[in-house]
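Open the model in your viewer and keep the selection tool at hand. The stops below say what to select next and what is there.

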Amino acid sequence: MISRSIFAAILLFIAYELFLRVTTIQWDTSQNDKSANIISIQDYIYSYSRKQLREDTVIVGTSVSRKLITEALGKGYINLAFNAWSNFDGLELVKINGKKPSCLLIETNYAKNQILQPEISKSLDPISYYPGEIFRSLQLRNQPAGLLVGWGKNLMKTRIDKLKEKKRENVDLYKFSLQMNKEIMMLPIPDSILVKRFTVLKSLIDGFKKESVGIIFYEVPVARELGETTSLLQVRSYYHTYFPPGEYKYIPMPVTENYIFSDGVHLSAKSALEYTLYLKSELNK
Amino acid sequence: MLFNSFPFFVLLIITFIFYYLPFQFFRKGNTQLLVLITASIVFYGYFKPSLLILLAFSGAVNVITSYFVSYGLPRYRLLLASIGVIVNLLVLAFFKYSPLIAVSFFDTNVGIGAFLLTIPLPIGISFFTFEGISLVVDTYKGHKDDKFRNLVHESFATHIRNSFFFIVFFPHLVSGPILKAHDFIPQIGQKSFKDIAWNYCFRLLVAGYFLKLVVADNLNDFTSSLTYPGFMSFSTFDLVSMLLGYSFQIFADFAGYSLIALGLASLFGYRLMQNFNFPYISTSFSEFWRRWHISLSTFLKEYLYFPMGGNRKGKVRTYVNLFITMVLGGLWHGAAWSYAVWGAFHGLMLALERLFNDRFNFQVKRNSFLFYIKILFIFLAVSLAWLLFKLPNFGQVIMYVKACFKNTGLVSNYISIFLIFLYALPVILYHLLYLKRQSRPSYLKKLEFAFYGLMIFLIVTNSGTAGTFIYFQF
């Protein structure tokens, strides 16, 4: 019984590994926000060689930057923005991984808690890293359930987009989400916490600067009602104090009147594309 | 240490090798126990060695009181046993319920209220204090009942070793099953490698790790959004799916842990009691509690419900006893009033069910339509009550229920709902197959190896993002 079960498991594993190697699946196989983050981490650590990255720009930030249509920026852009995490995690990942990009595009909307997410350290842990590098079946993007979902998402893309649009059109839900975000963002962040966080960020970013990595800051637009909230103003002011606009490049905020948001904070797909193209034009200047 | 962590596997392999090393058998005394005690100490103190002080104190109290209950002066037996039980309960109350006492009765910003809030909750305290109580009470019962005789060795040194091993044996130390002294201590002895029931261990370990890593951890990635105020923007369908998903998750998480514990203990020659027996096929609340967390429900029955009089003091007293037992059982789970409400809900349901059964002789034929309706009803009621575990603020529970009725027009996240169903499917099939065990086709038995092979394959390729076990917080 034991040997037959183990033999069956090995056979299944070999068959699945072969299947992954002969197919070139490009679906979005993420199952939730967390798995989407881990897939981004693993793609980054397994897919980019040191040589390639020297020509590339890495975007670091939060879920608001994850909405950017990275492909619209052209080749050589890697989006390492994470849902519910912060730009600190992206910067730490780039640092720990030891592959220096030509430029870092850093989102400045939030200054979240700077404790390295365990998923990042775990992905780089030799016990997880090397098996994942050897066997594709061990990478999160290739989980059987993820592939099943990716296939489904691909098959019903139009219908899913319509549902998202319908959800966005729900005025009551939008107002509720906006209010919820406003309540959170109106709460001031104690200066002691911000000083601590920005000291860490400063040393991290200056470390990259010393190694000739270009640094560009940008702020993703939010709904007009949230633009002047206490925490957003505080964070903006701290960025300008720790990274003065004279010494660091900042992408100016575009005119936000026409942007549409799903909850006041995250851009809708159409507006995300619009903002990405704006970002592209500013980067090309 | 977590059963699903790399350091644990290293510890397990080293312990296993030393435990069964041939030279063990030529030594005087049982060095096997010392190997397991050492491994258990490393297991428990790995992250925070200071926790070992409390474990040692608790162990010492139970070892000393149980020894003198057996071999001390007969007239002090009851007094010593009572002291043992009270000290265990005080330790539990101090470490577990101080924050609840602080927020309920004191100003938490100053003085005693602030102090009580700083007291840490040592992992596994609810489990090892209950086992300590079992040791003391069983020893006391030994003078009246043969079942409980010979639990305490006449040599104090051997008694220390046996009792401490009973409390700290790592498979059950932090999350149970809650052992009873009279079940476990008689098993202590020299174990041989050739006696290992490999197939039994393999089945338990594979099923346990599958339930934890593939089912519970993946479901956790979806049910973790069930927090206030996030859930207010989910549709009714999303909310119900997440709650049912949580119901399957809590089963997979805890039953998975228990199966792993049973499998590990068996690798070292010890049989622990089965903790789950297909609870979601129950047709009544009393049946549910005979199938869910069996080691806790039998403990509460033996050490609380029976001593209170059980069902021997009339009908009304039986209902009251059931209710009190369940409220205290609820509070055992956590230091929040919502756990007491959860226990009260189950206590009330058990009492009402008993009252109904006392009045009417209502029998439902197995496999009839009504039989399945009863299963569904119990499952839904139990699942609804899990909300009190997930949202420990009672106000949020009310808001969740309101949102379920209000958010009918919102668009659902069908991908998440599909995935919740997909990950819950093994638990559903596991229960359905048990329900249909008599009419199960014989080829399924022949294909058993393929199911285990598939489970191993999925453990390797489709585990969720590893998390701690839900019952660790209790």
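Begin at B:Gly269, which sits just after helix 11 of chain B and takes a positive phi of about 90 degrees. Keep in mind throughout that this is a predicted model.

Now step back along the chain and select helix 11 of chain B, residues 236–267. How far apart should the ends of its 32 residues be, at 1.5 Å a residue? The expected span is 46 Å, and the end C-alpha atoms are 46 Å apart, so the two values agree. Is this helix mostly covered or mostly bare? Helix 11 of chain B is mostly covered, with 29 of its 32 residues buried. A residue is called buried here if 20 or more other C-beta atoms lie within 10 Å of its own.

Next, select the whole of chain B. There are 20 helices in chain B and zero strands. Its radius of gyration is 23 Å, close to the 23 Å that the globule rule gives for 474 residues, so chain B is as compact as a globular protein of that length. Turn the C-alpha trace of chain B along its principal axes: the spans are about 70 × 55 × 55 Å. Of the 474 residues in chain B, 44% are buried. Consider also the contacts in chain B between residues at least 6 apart in sequence: 72% of these join residues at least 24 apart.

Show both chains and move to the place where they touch. Chain A supplies 32 residues to the contact, and chain B supplies 26 residues. On the side of chain A that touches chain B, the elements giving two or more residues include helix 2 (33–47), helix 8 (144–155) and helix 10 (171–186) of chain A. Which helix of chain A gives the most to this side? Helix 1 of chain A does, with nine residues. Colour the side of chain A that touches chain B by residue type: 18 residues are nonpolar, eight are polar and six are charged.

For the last stop, hide chain B and select the strands of chain A. Five strands form an open sheet in the order 2-1-3-4-5, with parallel pairing. Strand 2 (77–81) and strand 5 (249–250) of chain A stand at the edges with a single partner strand each, so one side of each has no neighbour in the sheet. Strand 1 (residues 57–61) of chain A pairs with strand 2 of chain A in the parallel sense over five bridges. To see one of the pairs, select A:Thr57 and its bridge partner in strand 2 of chain A, A:Tyr77.

Notes: Residues are numbered from 1 along each chain as its sequence is written. Chains are lettered from A and ligands numbered from 1 in the order in which they are written. This is a predicted model: local features need pLDDT of at least 70, side-chain atom pairs count only at pLDDT 80 or more; totals for chains, interfaces and linings use all residues. Helices (H or I, at least four residues) and strands (E, at least two) are DSSP runs, numbered from the N terminus. The radius of gyration is taken over C-alpha atoms; the globule rule is 2.2 Å times the number of residues to the power 0.38. A residue is buried if 20 or more other C-beta atoms lie within 10 Å of its own, exposed if 12 or fewer, and partly exposed in between; C-beta atoms are placed from the backbone. Two residues are in contact if their C-beta atoms, placed from the backbone, lie within 7 Å. The expected span of a helix is 1.5 Å times one less than its number of residues. Ala, Val, Leu, Ile, Met, Phe, Trp, Tyr, Cys and Pro count as nonpolar, Asp, Glu, Lys and Arg as charged, and the others, Gly among them, as polar. Two strands pair if DSSP finds at least two bridges between them.
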